[in-house]
Each structure stands twice: as C-alpha cells, then as structure tokens.
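Trainee: I would like to go through the labels used for this model and check what stands behind each of them.

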Amino acid sequence: MNPRRKKRMTLLLAVVIGLSVMTGLVLYALQQNIDLFYTPTELVQGKGEDHIKPEVGQRLRIGGMVVPGSVSRDQQSLKVSFDLVDAGGEVITVIFDGILPDLFREGQGIVAQGHLDDARTITAFEVLAKHDEEYMPPEVAEALKGIEHVKPEYSQEQLKGSRS
C-alpha cells in the first residue's frame with residue numbers, strides 16, 4: 001500500500017472511530033432523559049412479550065383514567081394523591097406535590113410524568129390533563145379502550161357563575 005492510500009485509510013478510520021465515540025456519548029447522555037410510557041397494567045404486569053418492568057427510581061410517564069373517589073388532598077400542603085386505572089383493571093397510585101391542571105378531575109384521562117417509588121406508586125413532577133374528549137395519544141387511547149369517560153357535572157350555581 002502506498003503512503004498516500006495509507007494516509008487516507010488512517011484518516012477515514014479516525015473519522016469513523018470519532019463518530020462512533022461521539023454517537024455513544026450522546027446516547028449515554030440522553031439515556032437519563034428518556035421517559036418510557038406505561039399504562040397501569042403494563043407497569044404491574046410488564047411491557048411487551050418479555051414483560052419488562054421498570055426499575056424502582058426509574059423516570060417514566062404513565063397514562064390512565066383517574067378513578068372516581070380516589071383523589072385525596074393534603075390540607076397542609078399542595079400534595080395530592082389519586083389512583084389511575086386502564087382497561088386492564090390494574091390500579092396505580094400517583095402522588096403529586098403541586099397545582100393540578102384546571103382540567104384535572106375524576107373520571108378524566110391524564111398523563112403523569114415522574115419516578116417509580118414501588119411497584120404501584122409513582123411520585124409525579126408533572127400531570128397533564130387532556131383538553132378534549134376527541135383526541136388522546138394512541139398509547140393512552142389503547143389503554144383506555146372500553147373505559148367510559150365520566151363527564152363533569154356542574155351545579156346550577158356553577159353554571160350561573162360561568163356566564164357572568
């Protein structure tokens with residue numbers, strides 16, 4: 001091999017190795033920011049054919065329907081806990097310390113982002129309530145198939161107050 005080809009080959013090899021190392025470092029850095037989506041049933045029974053369960057402390061997103069009657073508020077702080085359910089029937093408890101979205105209510109579909117505390121408890125740092133009955137992410141729609149949405153009931157006083 002002549003010196004010119006050897007030099008080109010060395011340069012090409014250095015570029016390929018450099019790109020590989022850079023790609024590996026980027027993927028390693030992003031690994032901490034990846035949030036996998038789970039439904040309550042997938043969280044308890046495992047996801048996919050291999051039934052892979054998340055580890056305690058793992059960051060994740062969970063979506064489901066808020067169980068009517070399960071919302072519990074702490075009187076001394078903003079801490080709220082509620083249960084989520086999906087079509088599989090598994091129930092997960094979500095604990096959130098903060099102000100819930102205005103559209104949050106029992107019987108409503110939500111997505112919570114947080115950390116897994118144990119097999120059935122999540123400490124959320126963000127709660128998203130869907131704003132429309134028509135659209136929801138495909139994963140949530142699949143998980144909630146067969147569960148009926150509970151429409152909010154307003155008193156006459158609430159209805160009068162919204163018109164003024």
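Trainee: What makes the pair R105 and Q108 a polar contact?

Mentor: The model is predicted, and in it the side chains of R105 and Q108 are joined at 3.2 Å. The cut-off is 3.5 Å between N or O atoms, so a pair at 3.2 Å counts as a polar contact.

Trainee: Why is R105 called partly exposed?

Mentor: Its relative accessible area is 24%. Buried needs under 20% and exposed needs over 50%, so R105 falls in between. R105 is in the loop between β5 and β6. From C-alpha to C-alpha, R105 is 7.3 Å from V66, although 39 residues separate the two in sequence.

Trainee: Why is S70 called buried?

Mentor: S70 has a relative accessible area of 15%. That is under the 20% limit, so the label is buried. S70 sits in the loop between β2 and β3.

Trainee: Which residues does S70 touch, leaving aside neighbours within four places in sequence?

Mentor: They are S81, F82, D83 and E106. In addition, a polar atom of the S70 side chain lies 2.6 Å from the backbone oxygen of V67.

Trainee: How do you know that D86 has no salt bridge?

Mentor: The nearest side chain of opposite charge is R120, 8.9 Å away. A salt bridge requires a distance within 4 Å, so D86 has none. D86 is nevertheless buried, and its place is in the loop between β4 and β5.

Trainee: Which side chain makes a polar contact with the side chain of D86?

Mentor: That of T39, at 3.2 Å.

Trainee: What makes β1 and β2 a pair of strands?

Mentor: Three bridges join β1, residues 36–38, to β2. At least two are required, so the strands pair. The two run parallel, and L36 has L60 of β2 as its bridge partner.

Trainee: Why is β2 described as mostly covered?

Mentor: Six of its eight residues are buried. Buried is the label for under 20% relative accessible area, so the description rests on those six.

Trainee: Which residues have the most contacts inside the largest nonpolar core?

Mentor: L43, I62, F82, I110 and V127, in a core of 21 residues. Among the elements giving two or more residues to this core are α2, β2 and β4. β7 gives the most, with four residues.

Trainee: What does I110 touch, not counting residues up to four places away in sequence?

Mentor: Its contacts include I62, F82 and V127, as well as G63, G64 and F104.

Conventions. Residues numbered from 1 in each chain as written. Predicted model: local features only at pLDDT ≥ 70, side-chain atom pairs only at ≥ 80, totals over all residues. Heavy atoms only, no water. Core = buried A, V, L, I, M, F, W, Y, C linked by side-chain atoms within 4.5 Å. Buried < 20%, exposed > 50% of the residue type's maximum accessible area, 1.4 Å probe, protein only. Contact = heavy atoms within 4.5 Å. Lys, Arg positive; Asp, Glu negative; His and termini not counted. Polar contact = N/O pair within 3.5 Å; in protein donor to acceptor, adjacent residues only side chain to side chain.
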